[in-house]
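Me: Please take one part of this structure and look at it closely, then show me how other parts can be read in the same way. I am new to this, so explain each term when you use it.

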Amino acid sequence: MLETELFAFLEQTADAAYTVTERGEICSWNRASERLFGYPASEVLGRHIEDVFDAFDSLGTEPLVGGAESAVRDPHTSSRRIPHFDLDVRTRSGARLWVNVSTIVFDNRRTGRRLLVRLARDITQRRLNTALLTRMLEVARQVVAVPEETSQQVPVETLTKNERQILQLFAEGNTSATIARTLGISAQTLRNHLHHINRKLHTRSRLEAVTHAQRRGLLR
């Protein structure tokens, strides 16, 4: 199959489908991609996929720069299954959505060029529902575990402004990845802050810390 035939075939798929080179240059962009991401093909062809998507994975890292692509660069990749992965991407309007991405490796034997065929499906609502249910269950467990009488709680160290802001953002339902981007810090720095918060509040998890902080009046 020639690349032109591949691109024509991908136009018939219901999923958003696009192809990139191993270096990330966009080579094709079907109509379903235009509808899902908002970018017409004329605006993205030839651009780097990272510039278009500004993508993050569930840990708040930039997977298109590292692990998700490294396996595809393996010359033996075409002979084995490539795991699908979830991405938080930016649309043309500036909104962000979650997509699940599958990969098919296309090796052009005539030119020796390798293309990565990406099939993307919108999973934003599914992730929101899962996150909401998980948070509700965790909060319910933490509320049951926390004593009602604040007078029985041991003294705590004073939280810094950044630590209170982090707890406030978690209390509002934000994910770790969103908070890290909002504050302009890395995922590891956010984990360090949470470690200090738990030490100061004598808690064992971020949700327990949020619950304790709310009971003590430390949050808005």
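Reply: A residue is called buried if its relative accessible area is under 20%, exposed if it is over 50%, and partly exposed in between (1.4 Å probe, protein chains only). The model is predicted, so to speak of a local feature takes a pLDDT of at least 70 and to count a side-chain atom pair takes 80 or more, while totals for chains, interfaces and linings use all residues. Residues are numbered from 1 along each chain as its sequence is written, and side-chain values use heavy atoms, with hydrogens and water left out.

With those terms in hand, begin with His202, which is partly exposed with a relative accessible area of 48%, and which lies in the loop between helix 9 and helix 10. Helices (H or I, at least four residues) and strands (E, at least two) are DSSP runs numbered from the N terminus. The backbone at His202 deserves attention, for its phi is positive, about 60°, although His202 is not a glycine. Most residues other than glycine have a negative phi.

On one side of that loop is helix 9, residues 187-201, which packs with helix 7, residues 161-171, at an angle of about 100° and with the axes 10 Å apart. Helix 7 is therefore roughly perpendicular to helix 9, a word used for 65 to 115 degrees, while under 35 is roughly parallel, over 145 roughly antiparallel and the rest oblique. The axes are lines fitted to C-alpha atoms, for helices over the stretch in contact, and the angles run from 0 to 180 degrees between N-to-C directions.

Which residues make this meeting of helix 7 and helix 9? From helix 7 come Glu163, Ile166, Leu167 and Phe170, and from helix 9 come Leu190, His193, Leu194, His196, Ile197, Lys200 and Leu201. Sorted by class, this contact of helix 7 with helix 9 has seven nonpolar, two polar and two charged residues.

His193, which has its place in helix 9, is worth following further, since at a relative accessibility of 19% His193 counts as buried. If neighbours within four places in sequence are left aside, His193 is in contact (heavy atoms within 4.5 Å) with Glu163, Ile166 and Ile185. The C-alpha atoms of His193 and Thr160 are separated by 9.9 Å, with their positions 33 residues apart along the chain.

On the other side of the loop, helix 10, residues 206-215, is mostly covered, as seven of its ten residues are buried. The buried residues of helix 10 are Leu207, Glu208, Ala209, Val210, Thr211, His212 and Ala213. Just after helix 10, Gly217 takes a positive phi of about 75°.

Now turn from this part to other places that can be read with the same terms. Asp54, in the loop between helix 4 and helix 5 (67-70), is another residue other than glycine with a positive phi, near 45°, and at 27% relative accessibility Asp54 counts as partly exposed.

Thr21 is found in strand 1 and is buried, with a relative accessible area of 10%. Not counting residues up to four places away in sequence, Thr21 touches Cys27, Arg113, Arg114, Leu115 and Leu116. The C-alpha atoms of Thr21 and Gly46, 25 residues apart along the chain, are separated by 9.9 Å.

Strand 1, residues 16-21, also holds Tyr18, whose aromatic pair with Phe37 in helix 2, residues 31-37, links distant parts of the chain, 19 residues apart. Both Tyr18 and Phe37 are buried. The rings of Phe37 and Phe53 have their centres 4.7 Å apart and their planes at 50°, so this pair is tilted; rings of Phe, Tyr and Trp (its six-membered ring) pair if their centres lie within 6.5 Å, with planes under 30 degrees apart stacked, over 60 edge-to-face and the rest tilted. Phe53 lies in helix 4, residues 49-53, and is 16 residues from Phe37, which again joins distant parts of the chain. Phe37 and Phe53 are both buried. Tyr18, Trp29, Phe37 and Phe53 form one aromatic cluster.

For the setting of all these places, the protein has ten helices and five strands, and buried residues make up 40% of its 220 residues. Among contacts between residues at least 6 apart in sequence, 52% join residues at least 24 apart.

Methods. Ala, Val, Leu, Ile, Met, Phe, Trp, Tyr, Cys and Pro count as nonpolar, Asp, Glu, Lys and Arg as charged, and the others, Gly among them, as polar.
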